[in-house]
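Visitor: Could you pick one part of this structure and take me through it closely? I would like to follow the strands and the side chains step by step.

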Amino acid sequence: EQTLRTMISFGITEDLQISGSVPIVLDSTTLMPRGRVTAMMSIAKDAEALASWRFHRRASAAGRFESTVTGGFSVPLEEFTPDGMQTAPGVHVSAATGYASRTHYAWVGGGYHYHARDGQDQMGDVVFVSGVYGYRPPALRRDYPKPDLRFFVEAMGERTGRAFHHGFEFIRSGGTAVFVGPTALLLYKAYGLEGGVMFPVYQNTNGAQSERVRIGVNFSYFFWLK
C-alpha cells in the first residue's frame with residue numbers, strides 16, 4: 001500500500017490548533033488495516049478534520065511538560081472497501097502527554113477511532129497507544145536557524161475490532177498489532193523532514209494479511225500570517 005497524505009494545520013492560539021487532512025492513494029492492491037501512524041495521521045482512505053488543545057503546559061529550567069487532547073471526525077473517500085464493505089464517517093479522540101528538553105524527549109499517548117454503521121456494514125473501531133523516546137546528541141544541539149537533528153525510538157500498539165458485513169461479523173477482520181522502530185527529525189528554518197520505519201513485534205490479524213513493515217516520510221513547511 002502506498003499513500004500520500006496532505007495536511008494543513010493552523011494555530012488559532014498558542015494552544016489551540018485545527019487541521020485538515022486528505023489522502024492521495026498511489027496504489028491500493030490490498031486492504032490496509034484501519035490503524036493510525038500517529039494521533040494526527042491516519043493510514044485510512046478518509047478525509048479528516050481535527051482540533052487539538054494543549055490544556056497543560058509547565059516549563060522549567062531543564063525543559064517543559066505538556067499535555068494535549070485531539071478530537072475530530074473523518075469522512076471516507078471511497079464508498080466501498082476493496083472487500084466490498086460500505087464505508088461510513090467516523091469520530092476520533094486522542095490525548096498525549098510528555099516531557100521535552102534540549103536533550104531528551106519522552107511522550108506517551110493513546111486514542112480511539114469509531115466508525116458509524118452504514119446499512120448492515122460497519123468497520124471495526126480502533127484503539128491505539130503509543131510511546132516515544134527521543135535524544136539529541138551534544139553536537140546537534142544547535143539553535144535556530146541552524147539545522148536541528150533529533151533521533152527517536154517509537155512504539156505503537158493497535159487493537160482493531162471486528163467489522164460487520166451484511167449484519168454478520170466479518171471473521172477475517174480486526175486484530176492486534178505492536179510496532180517498534182527508529183525515526184529521525186530534521187528541522188531547518190521553516191522546513192521539517194521526518195522519516196522512519198516501524199517493524200511488527202507482535203501481530204494477530206485473525207487470518208487476514210499481515211504487515212511486514214511501515215515506512216513513513218513527512219515533509220513540513222511552517223509559515224506565519226502577519
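**Strands and the charged pairs around them**

Guide: Strand β8 pairs with strand β9 (residues 126-135) in the antiparallel sense, over 10 bridges. Keep in mind that this is a predicted model. One place to find the pairing is Gly110, which stands opposite Val129 in β9. On β8 there is also a pairing with β7: strand β7 (residues 90-101) and strand β8 (residues 104-115) run antiparallel to each other over 11 bridges. Here Thr97 stands opposite Val108 in β8. With 2 residues between them, β7 and β8 form a hairpin.

Now go along the chain past β9. Arg136 forms a salt bridge with Asp148, and their closest N and O atoms are 2.6 Å apart. This pair links distant parts of the chain, since Arg136 is in the loop between β9 and β10 while Asp148 is in strand β10, 12 residues apart. Are these two side chains buried or exposed? Arg136 counts as buried because its relative accessibility is 4%, and the cut-off for buried is under 20%. Asp148 has a relative accessible area of 8%, so Asp148 is buried as well.

Asp148 has another partner. The side chain of Arg150 meets the side chain of Asp148 in a salt bridge, at 2.7 Å from N to O. Arg150 has a relative accessible area of 16%, and therefore is buried too.

Further along β10, the side chains of Glu158 and Arg214 meet in a salt bridge of 3.0 Å, N to O. Glu158 lies in strand β10 and Arg214 in strand β15 (residues 214-221), so this pair ties together parts that are 56 residues apart in sequence. Glu158 counts as buried because its relative accessibility is 5%. Arg214 is buried, at a relative accessible area of 11%. The whole structure holds 11 salt bridges.

Next to Glu158 in the numbering comes Arg159, which is found in strand β10 (residues 148-160). Arg159 is partly exposed, because its relative accessible area is 37%. The cut-offs matter here: partly exposed covers the range between buried, under 20%, and exposed, over 50%. What does Arg159 contact, leaving aside its neighbours within four places in sequence? The contacts are Asp125, Val126, Val127, Gly175 and Thr176. With Asp125 there is a polar contact between the two side chains, at 3.4 Å.

Last, look at the nonpolar residues. The largest nonpolar core has 5 residues: Phe128, Met156, Ala177, Phe179 and Met198. In soluble globular proteins, nonpolar side chains tend to be buried together. Within this core, Phe179 is a useful residue to follow. Not counting residues up to four places away in sequence, Phe179 touches Glu154, Ala155, Met156, Met198, Phe199, Pro200, Gln203, Glu211 and Arg214. That list brings the walk back to a residue already met: Arg214, which Phe179 touches, is the salt-bridge partner of Glu158.

Conventions
Residues numbered from 1 in each chain as written. Predicted model: local features only at pLDDT ≥ 70, side-chain atom pairs only at ≥ 80, totals over all residues. Heavy atoms only, no water. Helix = DSSP H or I, 4+ residues; strand = E, 2+ residues; numbered from the N terminus. Buried < 20%, exposed > 50% of the residue type's maximum accessible area, 1.4 Å probe, protein only. Contact = heavy atoms within 4.5 Å. Polar contact = N/O pair within 3.5 Å; in protein donor to acceptor, adjacent residues only side chain to side chain. Pairing = 2+ DSSP bridges. Core = buried A, V, L, I, M, F, W, Y, C linked by side-chain atoms within 4.5 Å. Salt bridge = Lys/Arg side-chain N within 4 Å of Asp/Glu carboxyl O.
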